[in-house]
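I had some time at the screen and wanted to look up a few helices and aromatic rings. Here is what I noted down as I went.

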Amino acid sequence: LDAVGNTTKAATKGYAIGSAALACFLLFRAFMDEVYSITGIKFNTVDIAIPEVFVGGLLGASLVYLFSAFAMSAVGESAESVVTEVRRQFREIPGIMSGDTKPEYGICVDVVSQAALAKMIKPGLLAVGMPIFTGLFFRFVGQYTGDDLLGARALAGFMMFATVSGILMALFMNNAGGAWDNTKKLVETGKYGGKGSETHKASVTGDTVGDPSKDTVGPSIHVLIKLLATVTLVLCPLFVNQQ
C-alpha cells in the first residue's frame, strides 16, 4: 500500500505542478500588463538576446537549484539533530531498551518543530529577496543605459527561467524520490538479493535521499515558483523607471 501510495502521490503532484505552472503564466502576463499600465510603454515580449535579460534568466534558473539545496540540507540537518537527541536518551535513560521507561517523545517533537521553522528562514529569504534584488539592480542599470524597462525585462527573464526550471526540477524530485522509495520496498520483498544484501544497502541510501526529494523539495518548488511570480507582480512599481 505504501508503494502504491508513492505512485499515486507522484501522479497527483504532477497535477499540482501543472496548476502552479498555469498560475505562474497568468501572473507573468499580469506583470507585463502592470508594467504597461505604469509606464505606458508596450511590454509584450521578452528578448533573451539582451545580455541583462539573459543574466536575469540565469539567476532565476540558479535560484531553483540553490533553493532545492537549502531545503535538502535542512532535512538532513534536522534529522541529524533528532538522531543526536535519541542517542542521548538511550544513553541517559537505561530503561528505554528494556521497556521499563518511556522515551521523552516531547523533546523529539520540539527538536523537529524548531528545526522546521529555523531551517526555512534561509530558503524563505532567498525566495523573496532574489527577485527584489534582481529587479532593483537592473532598474538602476537601466537608468544609466537609458532603458526605463530594463529592470522589468530582466525580471521577466528571471521569472521565465525560474518557472521552467522549477517545473522540471519539481517533476524530477517528485517522481525520482518516489521511485527510490519504492526501489527499497521492492528489494525488501526478496528481489535482487533481498534484505542485508549490497543492493539493499544501496537502496536504503536511495530511500534516504528519495524521502526529502519527494516530500520536501518537490512540493516546496510548487510554492516557490508561485511566490516568485506573486512577489514580482505585487512589487512591480519598484522595478521600472517611471517618467
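**Aromatic rings and their surroundings**

I started with two phenylalanines: Phe31 is buried, and Phe43 is buried as well. I kept in mind that this is a predicted model.

Next I asked how many aromatic pairs a search of the whole structure finds. The search came back with three. In one of them, Phe31 and Phe43 meet edge-to-face, with 6.5 Å centre to centre and 75° between the planes. I checked where the two partners sit: Phe31 belongs to helix α1, while Phe43 is in the loop between α1 and α2 (51–92). They are twelve residues apart, and the pair links distant parts of the chain.

Then I looked at Phe137 and Phe138, which also pair edge-to-face, at 5.1 Å centre to centre and 85° between the planes. Are these two buried or exposed? Phe138 has a relative accessible area of 6%, so I put it down as buried, the limit being under 20%. Phe137 comes out at 42% relative accessibility, so it counts as partly exposed. Adding Phe133 to the picture, I noted that Phe133, Phe137 and Phe138 make up one aromatic cluster.

I also went through lysines over rings. Lys42 lies over the face of Tyr36, 4.6 Å from the ring centre. Lys122 does likewise with Phe70, at 4.5 Å from the ring centre.

**Helix α1**

Back to α1, residues 2–39, to see whether its length makes sense. With 38 residues at 1.5 Å a residue, the helix should span 56 Å. Its end C-alpha atoms are 54 Å apart, which agrees. Right after α1 comes Gly40, and I noted its positive phi, near 75°.

Which residues of α1 are buried? I listed Asn6, Ala10, Lys13, Ile17, Ala20, Ala21, Cys24, Phe28, Phe31, Met32 and Val35. I then looked for what covers them, and found that the cover includes α6 (150–188) and α7 (198–234). Phe31 turns up again here, as a buried residue of α1 and as the edge-to-face partner of Phe43.

**Gln89**

Last entry: a glutamine in helix α2, Gln89. Its relative accessible area is 3%, so Gln89 is buried. What does Gln89 touch, not counting residues up to four places away in sequence? I wrote down Ile96, Pro103, Glu104, Ile107 and Cys108.

Conventions:
Residues are numbered from 1 along each chain as its sequence is written. This is a predicted model: local features need pLDDT of at least 70, side-chain atom pairs count only at pLDDT 80 or more; totals for chains, interfaces and linings use all residues. Side-chain values use heavy atoms; hydrogens and water are left out. Helices (H or I, at least four residues) and strands (E, at least two) are DSSP runs, numbered from the N terminus. The expected span of a helix is 1.5 Å times one less than its number of residues. Buried means under 20% relative accessible area, exposed over 50%, partly exposed in between (1.4 Å probe, protein chains only). Contact means heavy atoms within 4.5 Å. Rings of Phe, Tyr and Trp (its six-membered ring) pair if their centres lie within 6.5 Å; planes under 30 degrees apart count as stacked, over 60 as edge-to-face and the rest as tilted. A charge sits over a ring if NZ of Lys or CZ of Arg is within 6 Å of the ring centre and within 35 degrees of the ring normal.
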